[in-house]
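Biologist: Could you take a close look at the pockets in this one for me, and walk me through what lines them? I'd like the ligand's surroundings in some detail, plus anything odd in the backbone.

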Amino acid sequence: MTAQGIKVFPFSVGEPDFPTPAHVRDAAKAALDAGATRYTPVGGTPDLKKAICAAAARDRGFTLTPDRVTVSCGAKHVLFNLASALYEEGDEVLIPAPYWVSYPEQVRMMGATPVIMETAERDGFRLQPSVLAASVTSKTKAVILCSPSNPTGSAYDEAAWRGLGEVLVKGDYYVIVDEIYGDLVYDGFAHHSLAKLLPELGDRLIVVDGVSKSYAMTGWRIGWSLTSPKLASQLTTLQGQSTTNPAAVAQAAAVAALNGPRTSVEAMRKAFEQRRNLMIELLNALPGVTCRTPEGAFYAFANVKGLLGKATKDGAKLDSDDAIATFFLTDARAATVAGSPFGAPGYIRLSYACSEDDIRDGVRSIAESIATLT
Ligand code: PLP
């Protein structure tokens, strides 16, 4: 539709619409001229590992040594390497729904079985300790948690983490926590890393993070895992037979991002908070739609169950979230993502990583389309 010159409201995007901060781009240009054009150590340059350790201490409040860090080509690659290293046929990997789509797919790709754990909107889509406890079996290899979450934007506060922690500390499986949206939290919400809150998890805890979202650096492809030194060395061996190192210049850019001023990160966070407030207010004014206020990330996860069963002016029945997302696209020119692929039928995800004008005009357009339903 965009190629045909049609204005499409971009509520489906999974990346900041801001440019990478200027000081990071400048550092990358300088690094290229200084020779960042060759292979680096497979698991990341010493400078980047050092910067990651410093950022863990500064931003997340825990001490980390470089031998625990493995840098890969984005957090998705990190998760894929972890899946390759850890899962095999017969293993079960516990994943709360709604989930980021790659989690269960990567588990399946290794021949292992994703075990989906339900959460409820009334619990803020947060996994309840009793549900986790009931899902653990002798086959459980890992649990994958994400806070703040894609697709719901919901996040675990300290009390929620401690509740889950009571179950997690009793297990013997890996606890993988994806903190890629950790810097994007609103209303003074405090993001807590399990590495700080539950040090007793020891080497079973794996933290996944990266520069993609907080620093508007999705195209640079830099993410990392924090693991035991032994697993870090195994991940590096694995990566050495596939991608080798992430691009040298991208690693130099990530060093500049992590070590540089935090002003642009904070400016982006504030802009997202304002857009979130606008998006949530407008969504909740739509008939048949409700949306909880998410604590973080840049997604609104709207309950559209009130639209199910309605008919479009062409007589088509909106019998699924997929049909609703398609209707919003074709009739309102608003690109959203259906909830079913995230394991959450009856919902749609709307990204607010776009301008306030797009949010206003796009949701108005959706309102006009909803008004035509019978
Ligand atoms: N984890 C979550 C929850 C995500 O939403 C994404 C990207 O959408 C990633 C990981 C992957 O990030 P990267 O771009 O660094 O691979």
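**Pockets, ligand and a few backbone oddities**

Modeller: Let's begin with the runner-up: the second largest pocket has a volume of about 250 Å³. It is lined by 15 residues, and Phe62, Thr63, Arg68, Ala195 and Gly202 are the ones closest to its centre. Sorted by class, that lining comes out as nine nonpolar, five polar and one charged. Bear in mind throughout that this is a predicted model.

Now for the largest pocket, which has a volume of about 320 Å³. Its lining is made up of 19 residues, with Gly14, Lys76, Trp100, Tyr181 and Lys213 lying nearest the centre. By class, the lining of the largest pocket splits into nine nonpolar, five polar and five charged residues. So what about your ligand? The space it takes up is this largest pocket.

Let's zoom in on the ligand itself. There are 13 residues around the ligand, and those that come nearest are Ala75, Asp178, Ser212, Lys213 and Arg221. Taken by class, this shell holds six nonpolar, three polar and four charged residues. Lys213 turns up in both lists: it is among the residues nearest the ligand and among those nearest the centre of the largest pocket.

Three side chains are worth clicking on one by one. Start with Asp178, where an N or O atom of the side chain is 2.6 Å from a nitrogen atom of the ligand. Next, go to Ser212: one of its polar side-chain atoms lies 2.6 Å from a ligand oxygen atom. Then try Tyr181, which has a side-chain N or O atom 2.8 Å from an oxygen atom of the ligand. As for how covered the ligand is, on its own it has 400 Å² of accessible area, and the protein covers 93% of that.

On to the backbone. Most peptide bonds are trans, and most residues other than glycine have a negative phi. Here are three spots to check against that. The peptide bond from Ala97 to Pro98 is cis, with omega near -5 degrees, and Pro98 is in the loop between β3 (92–96) and α4 (102–109). The bond from Ser147 to Pro148 is cis as well, with omega near -10 degrees; you'll find Pro148 in the loop between β5 (140–146) and α6 (158–168). Finally, Asp187 isn't a glycine but has a positive phi, near 60 degrees. Look for Asp187 in the loop that runs between β6 (174–178) and α7 (194–197).

Key:
Residues numbered from 1 in each chain as written. Predicted model: local features only at pLDDT ≥ 70, side-chain atom pairs only at ≥ 80, totals over all residues. Heavy atoms only, no water. Near = heavy atom within 4 Å. Polar contact = N/O pair within 3.5 Å; in protein donor to acceptor, adjacent residues only side chain to side chain. Areas by Shrake-Rupley, 256 points an atom, 1.4 Å probe, with all protein chains shown as cover. 1 Å grid on protein atoms, 1.4 Å probe; cavity = no way out; pocket = protein on both sides within 12 Å on 5 of 7 lines; lining within 4 Å. Sits in = over half its atoms within 2 Å of the grid points. Nonpolar A, V, L, I, M, F, W, Y, C, P; charged D, E, K, R; others polar. Points joined across faces, edges and corners; volume = space filled by probe spheres on them. Helix = DSSP H or I, 4+ residues; strand = E, 2+ residues; numbered from the N terminus.
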